[in-house]
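Grab a pencil and take a look at the protein below. Try each exercise yourself before you read its solution.

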Amino acid sequence: MSKQEQPPETEPESTESDDANKSPVTTGSESVVRALENEGVEAAFGVQGGAIMPVYDALYHSDIRHVTMAHEQGAAHAADAFSVVRNGPGVCLATSGPGATNLVTGIADANMDSDGVLALTGQVPADMVGSDAFQETDTTGVTAPITKHNYFADDPDSVGDVVGEALALADEGRPGPTLVDLPKDVTLGETDAGPGPATPPETTQPQYVADEESVQTAADTIEAAERPLLLFGGGVIKADATDEARSFASEYEIPVVTTMPGIGSFPEDDDLCLSWAGMHGTGYANMAITHTDLLIAVGTRFDDRLTGGIDTFAPEAEVIHIDIDPAEISKNVHADYPLIGDAGIVLDQLDDAIDAPPEATAWREQCLTWQDEYPMDYATPDDEPLKPQFVVEVLDEATEDDTIVTTGVGQHQMWASQYWDYTEPRTWVSSHGLGTMGYGLPAAIGARIAADDDQQVVCVDGDGSFLMTIQELSVAVREDLDITVAVLNNEYIGMVRQWQDAFFEGRRMAAEYNWCPEFDMLAEAFGARGWRVDDYDEVADVVEAALEYDGPSVIDFHIDPAENVYPMVPSGGANGKFALTEDQL
């Protein structure tokens, strides 16, 4: 394929006038911080320590808001969520050795979900590297597989440029995490060389515009389709292409399903929306994927939780795959019509190339029929405990459409994605590819700092996930952050218990969590507000009180421990053969 036209290049804005108003750079650490300042970094999340101390000393004189987290994993998750909400790289810091390795889970999470994060890690002096010095770890070696690229800074004169390049690379094309390892002698070293404009490596410049001939062929295929279906992935949101995606779907009246990371890319209250597909997606979304004759996939990597068995995924469909990362094309699902480029630009190209919309009236009616046949409903018997679906719906009704929802991982995550109607992008913030329990609370902190002042932030968490990073509640209290945490407490690692019942003959080994503390009382001990709710008639009033409280609050909802998440496509199964009850698995 020949090199395609790229968006017009613009010269980086000069920082000379800005630098003139700042004190001169005198050390490597000051150059590091200046690189962040030059790129408009507003907040950073981290934990102080010996090897990173020079950078923190430089931050002392900076306007960048630093949020000290209780644990480095929390710093990485907060930076991750900041990047999702703000649409720009989030920054986290840690010292060498255990500080850096504590970041690893969060970096891996950002890598799996293509979230732009820059991690700055302290390191022992360069001449001590390899000597097993105190708190030494091969940070670049450990993180090489889970970053877009990482750097070992070796010169005070160039360290600012290295940090700027890493920051730019994190946001270039398909976002992802980068890391700069900073030996202490480099950050303490004298220099008068401030950083230049931040630019990513030339070799990483992505292709934005798809091949015109390929676009026309795909457009002709769309016109001829009888059962076309749009699949919007997280890449639609990463590319800020939700306007183009919504316009395209509406203009051609093509039904839409999303991936779980793509939640919010298309309004779930729109008649064309079938919600999200995959293992716990709606029955009607999975039926549409099973019976479509043309799947137009935008910004998705076709992960196994979406596809189930590859051989049974969209078995009747040709596939148009739009993605900015060529490595994703035909990696998991064969693309009959690959279109490499930016999601918004390529959708506009397709729009220009289509002469007439596909005739799909019968198909749209069929999709509506599936919605009637497989509704997302649930029972609320008086003789059974509180249902989690009810709690999520009450939270949704009590909050604004642009409320940001963060979650941990497990059953609560599924209920929060199934029973909350998302209409705006960047309002669903969760861990998808890595499935990191404990993500929800530190993500709520990062989201709160990134969000508009009038946006609400709700963390829907599970008892197991909440316990893993509960120490970050002290950060929310210290920073006086207006966050509402709703713990769906079933005294289990619920998804593990559900799988044990379904596939391991009910042997609930290490899944019971009835030893957890009373979260409402623990919240009060941290300095937050806490409530416990057991009954339906308490839910609405307590939710209102928690949302009205100006600060961090925790509601411990004691829900039915026997409730399971359905629909469910068994791992590796066919999307169209989803189970609605355990006996169908």
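Here come four exercises, each with a worked solution.

Before you start, know that this is a predicted model: local features need pLDDT of at least 70, side-chain atom pairs count only at pLDDT 80 or more, and totals for chains, interfaces and linings use all residues. Residues are numbered from 1 along each chain as its sequence is written, and side-chain values use heavy atoms, with hydrogens and water left out.

**Exercise 1.** Find strand 15 (residues 457-462) and work out how many of its residues are buried, and which strands it is joined to by bridges.

*Solution.*
- Step 1: Get the terms straight. Buried means under 20% relative accessible area, exposed over 50%, and partly exposed in between (1.4 Å probe, protein chains only). Helices (H or I, at least four residues) and strands (E, at least two) are DSSP runs, numbered from the N terminus.
- Step 2: Count. Six of the six residues in strand 15 are buried.
- Step 3: Sort the directions. Val-457, Cys-459 and Asp-461 point one way, while Val-458, Val-460 and Gly-462 point the other way. That fits a general rule: in a regular strand the side chains alternate between the two faces of the sheet.
- Step 4: Look at the neighbours. Two strands pair if DSSP finds at least two bridges between them. Strand 13 (residues 404-407) runs parallel to strand 15, with four bridges joining them, and strand 16 (residues 484-489) is also parallel to strand 15, with five bridges.
- Step 5: Zoom in on Val-460. This residue is the bridge partner of Thr-407, and its own partner in strand 16 is Ala-486.

**Exercise 2.** Which residues of helix 22 (residues 519-526) are buried, and which are exposed?

*Solution.*
- Step 1: List the buried ones: Phe-519, Asp-520 and Ala-523.
- Step 2: Check where they sit. They cover an arc of only 105 degrees around the axis, so they lie on the same side of helix 22. (The arc is that of the directions from the helix axis to the C-beta atoms.)
- Step 3: Turn to the other side, where Met-521 and Ala-525 are exposed.
- Step 4: See what the buried residues pack against, with contact meaning heavy atoms within 4.5 Å. Their partners include helix 19 (463-468), helix 20 (473-478) and strand 16.
- Step 5: Read on past the end. Gly-527 follows helix 22, and its phi is positive, near 100 degrees.

**Exercise 3.** What are the residues that Glu-328 and Asp-240 each form a salt bridge with?

*Solution.*
- Step 1: Recall that a salt bridge is a side-chain nitrogen of Lys or Arg within 4 Å of a carboxyl oxygen of Asp or Glu. The structure holds 18 of them.
- Step 2: Glu-328 goes with Arg-174, their closest N and O atoms being 2.8 Å apart. The two sit in loops, 154 residues apart. Glu-328 is buried at 5%, and Arg-174 is partly exposed at 25%.
- Step 3: Widen the view. Arg-174, Asp-325, Glu-328 and Lys-331 are linked in a network of salt bridges.
- Step 4: Asp-240 goes with Arg-426, at 3.2 Å between the closest N and O atoms. This pair is 186 residues apart. Asp-240 is partly exposed at 46%, whereas Arg-426 is buried at 12%.

**Exercise 4.** Are Arg-497 and Asp-501 buried or exposed, and how many residues apart are they in helix 21 (residues 494-503)?

*Solution.*
- Step 1: Both are buried.
- Step 2: They are four residues apart, which means about one helical turn separates them.
- Step 3: Their side chains meet in a salt bridge (3.2 Å, N to O).
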